[in-house]
Amino acid sequence: IQTQFDDKGNLRTEQSVLDAAITALSKTDGEKTQVLLLKEAKNKKTVEFARACIIEAMGAMPNDKILEFLKETASPKIQPVLRIAALKAAGSAGPPEDFIDILIDALKAEEWQARLAAINSLGKSSGDKVTSALIGAFKDENGRLRENYREALKKLTGVDEGLNGREWAKWWEEKNKPAEEKKDDSKNFAKTQIDEPTYFDEPILSKSIVFIIDVSGSMLDPSG
């Protein structure tokens with residue numbers, strides 16, 4: 001992994017090669033390997049992106065020392081690239097119970113990549129606390145992460161209330177009412193519709209669209 005980056009942190013090879021290395025590393029085992037990885041993850045002389053890859057792989061081999069390191073690295077005070085790697089690592093084998101609050105707090109992170117890592121990791125856990133936190137944060141999300149919230153909540157609840165966070169909030173509120181207060185909406189239930197933007201009938205979840213115009217010489221060829 002270390003050899004895949006230059007001194008400035010630029011990737012020297014294909015992303016698929018790096019992904020394969022991370023996957024292979026995450027499948028290694030043994031105390032000796034864990035000690036070595038922990039040492040390299042803490043080594044500030046190692047390229048930051050390489051450290052992030054090692055941290056992400058460590059999530060599949062948690063022990064007390066690794067979990068403590070991941071908690072420290074998931075702090076908002078840590079460089080974003082390392083923090084995001086730690087948040088991803090937390091969900092590799094299902095986040096430990098004492099990691100849940102850290103992940104919930106990360107749902108408010110400024111970096112969308114950190115929020116994404118927290119959403120995905122929380123989607124591998126369980127419990128009303130996690131479900132409530134995801135729904136609460138979902139209400140304020142208006143970008144592409146809505147699809148990730150939806151998928152995480154589908155795994156946790158077994159239901160699908162779509163891409164509207166407010167609909168999930170209504171469902172959650174109704175679900176948690178005492179039985180005598182619940183409404184029977186089975187015949188007259190209509191979800192609130194939101195005006196979703198589309199491009200040639202494809203839904204747009206992100207906040208921005210990038211148009212790429214190919215002006216190379218090959219585009220002058222009538223055959224394409």
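1. In this predicted model, helix H8, which spans residues 128-138, packs against helix H10, residues 165-175, at an angle of about 145°, and the axes of the two helices are 8 Å apart. These two values are worth learning to read together, since two packed helices are described by the angle between their axes and the distance between the axes. The crossing in which H8 passes H10 is left-handed. On the side of H8 the contact is made by Asp128, Thr131, Ser132, Ile135 and Phe138, while H10 contributes Gly165, Trp168, Ala169, Trp171 and Trp172. Sorted by class, the residues in this contact of H8 with H10 are six nonpolar, three polar and one charged.

2. Helix H8 can also be described through its buried residues, which are Val130, Thr131, Ala133, Leu134, Ile135, Ala137 and Phe138. The elements that cover these buried residues of H8 include H6, H7, H9 and H10. Thr131, Ile135 and Phe138 are among the buried residues of H8, and Thr131, Ile135 and Phe138 are also among the residues through which H8 touches H10.

3. Aromatic rings deserve a point of their own, and the count comes to three aromatic pairs. In one of them, the rings of Phe138 and Tyr149 have their centres 5.1 Å apart and their planes at 5°, and because planes under 30 degrees apart count as stacked, this pair is a stacked one. Since Phe138 belongs to helix H8 and Tyr149 to helix H9, which runs over residues 145-157, the pair ties together parts that are eleven residues apart in sequence. Both Phe138 and Tyr149 are buried.

4. Another aromatic pair is formed by Trp171 and Trp172, whose ring centres are 5.8 Å apart, with 40° between the planes, and this pair is tilted. Trp171 and Trp172 are both buried. Together with Trp168, these two residues form one aromatic cluster, and Trp168, Trp171 and Trp172 all appear on the H10 side of the contact with H8.

5. Lys170 also lies in helix H10, and with 43% relative accessibility Lys170 counts as partly exposed. Although Lys170 and Ile135 are 35 residues apart in sequence, the distance between them in space is 9.7 Å, taken from C-alpha to C-alpha.

6. How many of the eleven residues of helix H7 are buried? For this helix, which covers residues 112-122, the number is eight of the eleven, so H7 is largely enclosed by the rest of the structure. The buried residues of H7 are Ala114, Arg115, Leu116, Ala117, Ala118, Ile119, Ser121 and Leu122, and they pack against H5, H6 (100-106), H8 and H9.

7. A single residue of helix H9, Asn148, shows what such packing looks like in detail. Asn148 is buried, with a relative accessible area of 17%. Leaving aside residues up to four places away in sequence, Asn148 touches Leu116, Ile119 and Asn120. The C-alpha atoms of Asn148 and Ile119 are separated by 6.9 Å, while along the chain the two residues are 29 residues apart.

8. Asn164 has its place in the loop between H9 and H10, and with a relative accessible area of 10% Asn164 is buried. Along the chain Asn164 and Glu147 are 17 residues apart, and their C-alpha atoms are separated by 9.6 Å.

9. Helix H4, residues 64-73, offers a useful exercise in looking at the sides of a helix, for its buried residues are Ile66, Leu67, Phe69, Leu70 and Thr73. These residues cover an arc of only 160° around the axis, which puts them on the same side of H4. An α-helix has 3.6 residues a turn, so residues three or four places apart point the same way. On the other side of H4, Asp64 and Lys65 are exposed. The buried residues of H4 pack against H2 (31-42), H3 (48-58) and H5 (80-90).

10. To place these details in the whole chain, there are ten helices and two strands, and the pattern read along the sequence is α-α-α-α-α-α-α-α-α-α-β-β. Of the 224 residues in the chain, 38% are buried. Among contacts in the chain with a separation of 6 or more, residues 24 or more positions apart account for 56%.

Technical notes: Residues numbered from 1 in each chain as written. Predicted model: local features only at pLDDT ≥ 70, side-chain atom pairs only at ≥ 80, totals over all residues. Heavy atoms only, no water. Axes fitted to C-alpha atoms, helices over the stretch in contact; angles between N-to-C directions. Helix = DSSP H or I, 4+ residues; strand = E, 2+ residues; numbered from the N terminus. Left-handed = near helix turned anticlockwise from the far one by under 90°. Contact = heavy atoms within 4.5 Å. Nonpolar A, V, L, I, M, F, W, Y, C, P; charged D, E, K, R; others polar. Phe/Tyr/Trp six-rings, centres within 6.5 Å; stacked < 30°, edge-to-face > 60°. Buried < 20%, exposed > 50% of the residue type's maximum accessible area, 1.4 Å probe, protein only. Arc of directions from axis to C-beta.
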